[in-house]
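Biologist: I am new to this structure. Could you show me how to read its empty space and its helix packing?

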Amino acid sequence: MRISVIGCGYLGAVHAACMAKLGHDVIGVDVDAAKIDALSVGRAPFYEPGLPELLKEGVASGRLRFTTDLADVAGAEVHFVCVGTPQRQGEYAADMRYVDAAVEGLLPHLSVGDVVVGKSTVPVGTAARIADRLATEAPGTTLAWNPEFLREGFAVKDTLHPDRLVYGVPQGDQGEHARTQLDVIYADPLAQHTPRIVTDYATAELVKVAANSFLATKISFINAMAELCEETGADVTQLADAIGHDDRIGRKFLNAGLGFGGGCLPKDIRAFMARAGELGADQAVAFLKEIDAINERRRVRMVDLTRQVADGSITGKRIAVLGAAFKPNSDDVRDSPALDVAAQLARQGADVVVTDPEAVENARRVHPELNVTTSWEEAVEGAEIVLLLTEWQVYRELDPEELGARVAGKRILDGRNVLDPVQWRAAGWVYRALGRP
Ligand code: UGA
């Protein structure tokens, strides 16, 4: 199948490379010339395990090409819209300008029979609006909505082996055509018995935000329990293990700690609240406000705990922050809890050094005032307190004896509940964590 992918950010670049891997002929389009230059020579513009190999393979095969010229999409039969929908400045709502620009830009290049497939996360109602636009400006084309559920760090695997496929399509022949084309594109995962749900636009759009809202709720639920554990001396990790054995609840996404960040969960729940408000259904998702607030409180709590461990004052104290990315195996620092805590500590007068294996460049761009280094050894040299805020494997495996020999004070705060308190205390460390005695 000849496919175009509009927008080569996280979602688009991975989608384009994976579609080429599935045997399709793919052209990726982005307005950012530097990004297109990198992708064209098989270089990933961000850190994602497995993506560079896939890009190189696709580019070498000739099935994967990139361009800044939208006119080059002509000839493709299916056009995936993969542009971002960030949070609008100073508001909860999503910024739809990139989606709208992509659709408007596509219109002159569409032919009868083409299918436009939205993958971006959008407020419910967007697909119906775009379908109307296509009906008047590009008659004979069809819109489908096919939300994406990939996780950063596992993006390639999640795209090649998704746990479900959702198609939002119109009724009748047009819908049938869109479904058939998508079935051809996803023939491989479908042959592996990936569940496929064919539905209407609104359901497809809602599936995406409902899924992310549920995940955010699960994380904030366990972090709310952590708050209670802190008041009572209970241990939230044992609590999570115990309730997680009930398979109706499940242990996944019940890791208490510094909470969620990234380019999706925080902005998606806010955009959902904004959209529900517009629909007059704000009460239905009013709980998300609390989910967001619990999440933000964890960051404040981490700063307070640091002050407590620093005997009441962090001013001038040397603090090493392990982790800047919003989660391990990513260089993404969008709404990163770790970086947020580091910046708050620095603002309050601490002498902070942040380290991360991959996200240092991005951290420097967002917080030029912070002292950052890729070397954890350098970051911990002479530190009076160490904060583990993003659970990269290399930090999880730190040896308390070795680290103890490098720091000035053996005090560690485990913001992700990944270290063994018994082992660290036995090595003479003051060990504190969120939701643990
Ligand atoms: C999330 C969803 O998991 C994907 O399914 C979805 O496709 C994606 O958003 C999206 O909308 O594009 P992602 O943002 O890559 O994926 O990250 P997650 O793995 O969901 O983690 C989000 C945050 O929650 C991270 O900051 C992580 O540290 C935190 N988290 C996760 C916890 O604090 N506790 C947990 O138990 C799990």
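Modeller: We will take the cavity, then three helix pairs. Keep in mind that this is a predicted model.

Biologist: Let us begin with empty space. How many cavities of 30 Å³ or more are there?

Modeller: Rolling a probe the size of a water molecule over the atoms shows where empty space is left. Here the count comes to one cavity of 30 Å³ or more.

Biologist: What volume does the largest cavity have?

Modeller: About 90 Å³.

Biologist: Which residues line the largest cavity?

Modeller: Start with Thr-85 and Ala-94, which are among them. The run Thr-121, Val-122, Pro-123 and Val-124 also belongs to the lining, as does Val-209. Then add Lys-267, Asp-268, Ala-271, Phe-272 and Arg-275.

Biologist: Which helix gives the largest share of that lining?

Modeller: Helix H11, residues 265-278, with five residues.

Biologist: How does the lining divide by class?

Modeller: Seven residues are nonpolar, two are polar and three are charged.

Biologist: Now the helices. At what angle do H9 and H10 pack?

Modeller: For a helix pair, look at the angle, then the axes, then the contacts. Helix H9 covers residues 201-232 and helix H10 covers residues 236-244. They pack at about 135°, with their axes 9 Å apart. H9 and H10 are therefore oblique to each other. Their crossing is right-handed.

Biologist: Which residues of H9 and H10 meet?

Modeller: H9 brings Phe-221, Ile-222, Met-225, Ala-226 and Cys-229. H10 meets them with Val-236, Leu-239, Ala-240 and Ile-243. The residues of this contact are nine nonpolar, no polar and no charged.

Biologist: H9 also meets H11, the helix from the cavity lining. At what angle do H9 and H11 cross?

Modeller: Roughly 115°, and their axes come within 9 Å. H9 passes H11 in a left-handed crossing. On the H9 side, the contact is made by Leu-206, Lys-208, Val-209, Asn-212, Ser-213, Ala-216 and Ile-219. On the H11 side are Leu-265, Asp-268, Ile-269 and Phe-272. By class, the contact has seven nonpolar, two polar and two charged residues. Val-209, Asp-268 and Phe-272 appear in this contact, and they also line the largest cavity.

Biologist: One pair is left. Is the crossing of H1 and H3 left-handed or right-handed?

Modeller: Left-handed. Helix H1 spans residues 10-21 and helix H3 spans residues 51-61. Their axes come within 9 Å and cross at roughly 55°. H1 and H3 are therefore oblique to each other.

Biologist: Which residues of H1 and H3 meet?

Modeller: Ala-13, Val-14, Ala-17, Cys-18 and Lys-21 in H1 touch Leu-51, Leu-54, Leu-55 and Glu-57 in H3. That contact holds seven nonpolar, no polar and two charged residues.

Note on methods:
Residues are numbered from 1 along each chain as its sequence is written. This is a predicted model: local features need pLDDT of at least 70, side-chain atom pairs count only at pLDDT 80 or more; totals for chains, interfaces and linings use all residues. Side-chain values use heavy atoms; hydrogens and water are left out. On a 1 Å grid over the protein atoms alone, a cavity is a set of points where a 1.4 Å probe fits but cannot get out, and a pocket is an open set with protein on both sides within 12 Å along at least five of seven lines; lining residues have an atom within 4 Å of a point. Grid points are joined across faces, edges and corners, and a volume is the space filled by probe spheres set on the points. Helices (H or I, at least four residues) and strands (E, at least two) are DSSP runs, numbered from the N terminus. Ala, Val, Leu, Ile, Met, Phe, Trp, Tyr, Cys and Pro count as nonpolar, Asp, Glu, Lys and Arg as charged, and the others, Gly among them, as polar. Axes are lines fitted to C-alpha atoms, for helices over the stretch in contact, and angles run from 0 to 180 degrees between N-to-C directions. Angles under 35 degrees count as roughly parallel, over 145 as roughly antiparallel, 65 to 115 as roughly perpendicular and the rest as oblique. A crossing is left-handed if the near helix is turned anticlockwise from the far one by less than a right angle, and right-handed if clockwise. Contact means heavy atoms within 4.5 Å.
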